[in-house]
Amino acid sequence: MSPAANPKRWALTGRIVTMATEGDVIKNGTIFIEDNRIAAILPKGQPAPVGFEAVAAVTTGGTIYPGLIELHNHLSYNVLPLWRVPQLFGNRDQWQNAKSYKTSVTGPMSAIALADDGSLLPALVRYVEAKCLVAGTTTSQGITLSNWSGTIHKYYKGALRAAEIGSPPDLPRAHSKIPDIDAEDWAKFDNELKSSACFPAPLERGHRSQGA
């Protein structure tokens with residue numbers, strides 16, 4: 001986002017976790033923002049930075065953390081325990097066919113999708129979003145699932161910023177899946193890249209990562 005012609009300034013007060021160093025916490029401070037950048041973080045009682053003298057800070061009554069951006073996840077799958085990999089695989093196209101992967105990952109997720117009565121998927125989404133937020137992640141991607149992406153999409157709307165949904169015009173919707181590409185498929189791949197203004201990160205076929 002480019003700076004506005006007339007900078008927009010605002011401020012928040014609260015307990016500020018800077019994460020600059022371990023334990024670097026301002027128990028009672030103010031964070032000053034100009035446009036989309038932090039201008040200053042100051043303990044309460046110190047003079048406001050130049051240009052913020054007339055800005056009334058919003059009292060949060062809580063703790064302010066940085067918002068972390070997660071470039072690669074498969075969010076809906078984070079309702080499951082981590083899969084215990086049974087052996088060493090030669091490449092990532094092999095482990096998805098493992099029997100234990102099918103019984104521990106694809107099987108349960110398929111059952112969840114097919115058994116939804118209108119209340120299961122909303123609860124699943126709130127849970128996996130909460131896991132991200134507890135870890136400080138406020139933006140992620142990977143909500144699309146091959147068999148029920150149209151259904152799951154509508155439940156991701158606000159608690160966590162999902163790159164595939166976006167917030168036009170400043171945050172365009174991101175296309176999030178790029179398959180394995182062979183050299184002879186360059187033209188097809190090039191057309192796919194041109195189909196969207198934003199690709200946050202490739203999702204490797206068959207890859208599964210879990211968040212917080």
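Leaving aside neighbours within four places in sequence, which residues is Tyr156 in contact with? In this predicted model, where residues are numbered from 1 along each chain as its sequence is written, local features need pLDDT of at least 70, side-chain atom pairs count only at pLDDT 80 or more, and totals for chains, interfaces and linings use all residues. Side-chain values use heavy atoms, with hydrogens and water left out. With those neighbours set aside, the contacts of Tyr156 are Leu75, Ser76, Val125, Arg126, Val128, Glu129, Ile143 and Ile165; contact means heavy atoms within 4.5 Å.

Tyr156 also has a prominent place in the largest nonpolar core, which has 22 residues: together with Trp83, Tyr156 touches the most other members. Such a core is a set of buried Ala, Val, Leu, Ile, Met, Phe, Trp, Tyr and Cys residues joined through side-chain atoms within 4.5 Å, buried being under 20% relative accessible area (1.4 Å probe, protein chains only). At least two residues of this core come from each of helix H1 (99–115) and helix H2 (120–134), and H2 gives the most, with five residues. Helices (H or I, at least four residues) and strands (E, at least two) are DSSP runs, numbered from the N terminus. Another core, of six residues, lies apart from this one and includes Leu12, Ile16, Ile31 and Ile33.

Turning to the strands, four of them form an open sheet in the order E3-E2-E1-E4, with mixed pairing; two strands pair if DSSP finds at least two bridges between them. Strands E3 (37–43) and E4 (58–64) are the edges, each pairing on one side only. Strand E2 (residues 25–34) runs antiparallel to E3, and the two pair over six bridges. Phe32 has Ala40, in E3, as its bridge partner.

Terms used
Buried < 20%, exposed > 50% of the residue type's maximum accessible area, 1.4 Å probe, protein only.
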